Protein chains: 2
Amino acid sequence: MGRRATTRRIGIADVALKAGVSHATVSRVMNGNFTVDATIAARVRAAATELNYQPNPVGRSLALGKTDTIGIVVPDLSNPTFQAILRGLSMAAAQDGYRVLIADSSEVSSEEAILAGEARRRCDGLVLCAPRMSDAELEELAPSLQPMVLINRTTDAHAPSLMVDYGQGIQELAEHLVGLGHTRLAFLAGPERSASNGLRLLGLEKFKAGHPEIDLQMLEGGSNFEVGHQSVDAVLASGATGVLAFNDLVAMGLLSGLHERGIRVPEDISVTGFDDIPFARYTTPTLTTAAVPITELGQQAWHRMRDLIRNVPSDAAPEGPTVFQPRLEGRSSTGPASAERRGG
Amino acid sequence: MGRRATTRRIGIADVALKAGVSHATVSRVMNGNFTVDATIAARVRAAATELNYQPNPVGRSLALGKTDTIGIVVPDLSNPTFQAILRGLSMAAAQDGYRVLIADSSEVSSEEAILAGEARRRCDGLVLCAPRMSDAELEELAPSLQPMVLINRTTDAHAPSLMVDYGQGIQELAEHLVGLGHTRLAFLAGPERSASNGLRLLGLEKFKAGHPEIDLQMLEGGSNFEVGHQSVDAVLASGATGVLAFNDLVAMGLLSGLHERGIRVPEDISVTGFDDIPFARYTTPTLTTAAVPITELGQQAWHRMRDLIRNVPSDAAPEGPTVFQPRLEGRSSTGPASAERRGG
DNA sequence: GTGAAAGCGCTAACAT
DNA sequence: ATGTTAGCGCTTTCAC
């Protein structure tokens, strides 16, 4: 039965006609150009409201060469860390009248380049979040992606970069455990391709150098609940009394697995996370972790992007990456090493 | 020192020039129009790759009257439920070559209309997720937002709607507790303006009608951790042995608060959540909840949207809202009512 | 099969 | 102060 009554979209021409002026004048009024006579401006505004006219953003974008939109590419939108970054970015950008377009590469590093390019073409800038692609590829791609802001990654190609000092954070967590009397530690590692995992590894190397007396074992891992949950056996086999999980998710999985086995935390084993996602405050026991200002990271990403978009010269911008220091958040999942286990 | 070497963006004209053809021909080739001579097509393609040419999406959008982008408006991007919907939507849309633009209303219902309108103008369609605006406002806005898909909301104005049967789910949870011998229950309610909270309330009315012997108390609440955490006193004061939390977040907050007070779950009190967010499997104890296929909801939202965008006639589309049934997920946070407390 | 030209909806330089 | 006109980068008739 016929198509629904399609109320044709109102265009600038309709308003011009109704107000009895040229579309140029309508455009001027809509953009707050004060060279228009007050009477006429009022007439135009009246016509616009009456017709419920709103300028077509696509038309404006083409004319102005900007979309007031920025893109973000994340490896996995189901990861709370990236969700928080997205949120911080989106909120901050909205404050300045910008919107965000999202692209999820699903951890497929080969897709990243294509997604990034596509997103960039539709937007005024791109935030690349923990890209999994190689350094070489990133550097090659960078020029075509600019203006671009990097999160948890750097590149020789000029681009602002926001980093988290995971190395420092993991060291603090390890020191925290040592301070509690633990001498046998284990690190549940993250994804191979993750740069942030590499930084943690580097930090732990330093830690080992400073603590030759401590036994620190490296265990294979990943970045989600399941990994933590499935690592119970490996953790127990390691004989460690203090476990550094790659992130809060892994820690929560581990906590859950240990609980099922009747192993008490922190009495029998201490567990630490990383990131301090909101959930970390509400686990049982509450999770000792290294707090990363994730939402602020997203917010800062926008601010750097905004600088890029505004100051085309880009000489006032800070050189080198901005580094965020994680803050140790001591809660109840860590405690003194148990007497029995400490001995053994 | 001078602006960076700005490699001017390659346009269709550049390719046309290089290939020695008109831009019309380049356009044809780029769009897979087979009326172009094979030899020429090859020449054009060569020129395009050599120049690394990619059609400008804004130009295409203006010419084609479509952006291959859909918008989603959510009340709060920090809520895992909306994050999961966004994710499902984004993944499904990406599969069909569409991108998603996000708008977060921060629970400010007055902002919703503006955000929705803005987003809609930049996109080919809009997904309105649990809108907080009034029925009247929604209905008035609907025509200008079409094509539009609603989540957790319906409207008389014609628009596909995806609903979750929260009423049924909460009844099942209540029945589950009754089956475990609980006779004193409490419901930690959600946000006032939330339609899904209203549905739960309706479901509980039905439950009460069927179980006059059960004492069911209504407690004020909200939708996040803090609310659950702060409700411990109210819950204890109610004397309930079984607590139905508005959602998993509230349940987790409550779990955490109860643990701090030394109250055992489920021995002393049983707790249920709602949604079955990924975390619910990994709380201590694991959380009994009503599982909602959230990601699938987002995916379905795209499918309905796709139908809308493709079949302009829209007569084959299913009438009335699609309803998703939550599924009871019995885990360890619920157990038999304790003898002492059961007595009253 | 291919080019010339119109047009998508808007902004801005240029006339007047 | 306002209208006319030329783009922005592309697709698509319409001639040839």
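Tyr166(A) is buried in this predicted model, with a relative accessible area of 5%, where buried stands for under 20% relative accessible area, exposed for over 50% and partly exposed for values in between (1.4 Å probe, protein chains only). Phe274(A), at 0% relative accessibility, is likewise counted as buried. The model is a predicted one, in which local features need pLDDT of at least 70 and side-chain atom pairs count only at pLDDT 80 or more, while totals for chains, interfaces and linings use all residues. Residues are numbered from 1 along each chain as its sequence is written, chains are lettered from A and ligands numbered from 1 in the order in which they are written, and side-chain values use heavy atoms, with hydrogens and water left out.

Aromatic pairs were assigned to rings of Phe, Tyr and Trp (its six-membered ring) with centres within 6.5 Å, planes under 30 degrees apart being counted as stacked, over 60 as edge-to-face and the rest as tilted. Over all chains, nine aromatic pairs satisfy this rule. One of them is formed by Tyr166(A) and Phe274(A), whose ring centres are 5.4 Å apart and whose planes stand at 45 degrees, so the pair is tilted. Because Tyr166(A) lies in helix 8 (residues 166-179) of chain A and Phe274(A) in the loop between strand 9 (270-272) and strand 10 (289-291) of chain A, the pair ties together parts that are 108 residues apart in sequence; helices (H or I, at least four residues) and strands (E, at least two) are DSSP runs, numbered from the N terminus.

A pair between Phe279(A) and Phe279(B) has ring centres 3.3 Å apart and planes at 10 degrees, and is therefore stacked. Since each of these residues lies in the loop between strand 9 and strand 10 of its own chain, the pair joins two chains. Phe279(A) is buried at 6% relative accessibility, and Phe279(B) is buried at 6%. Ring pairs link these two residues with Phe225(A), Tyr282(A), Phe225(B) and Tyr282(B) into a cluster.

Phe274(A) also has a charged group over its face, as Arg200(A) lies 4.6 Å from the ring centre, and in chain B the charged end of Arg200(B) sits over the ring of Phe274(B), 4.6 Å from its centre; for such an arrangement, NZ of Lys or CZ of Arg must be within 6 Å of the ring centre and within 35 degrees of the ring normal.

Chain A is superposed on chain B by a rotation of 180 degrees with 0.0 Å of shift along its axis, at an RMSD of 0.1 Å, the fit being by least squares on the C-alpha atoms of residues with pLDDT of at least 70 in both copies. This is the relation of a two-fold axis. Among the residues of chain A, Leu101(A) comes closest to the rotation axis, at 2.2 Å (C-alpha). The same surface serves both copies, in that 98% of the contact residues of chain A recur in chain B, contact meaning heavy atoms within 4.5 Å.

In helix 1 (residues 12-19) of chain A, the residues Val15(A), Ala16(A) and Ala19(A) are buried. Viewed down the axis of this helix, its buried residues fall within an arc of 100 degrees and so line one face of the helix, the arc being that of the directions from the helix axis to the C-beta atoms. These buried residues pack against helix 2 (23-30) and helix 3 (38-51) of chain A. Just after helix 1 of chain A, Gly20(A) takes a positive phi of about 70 degrees.
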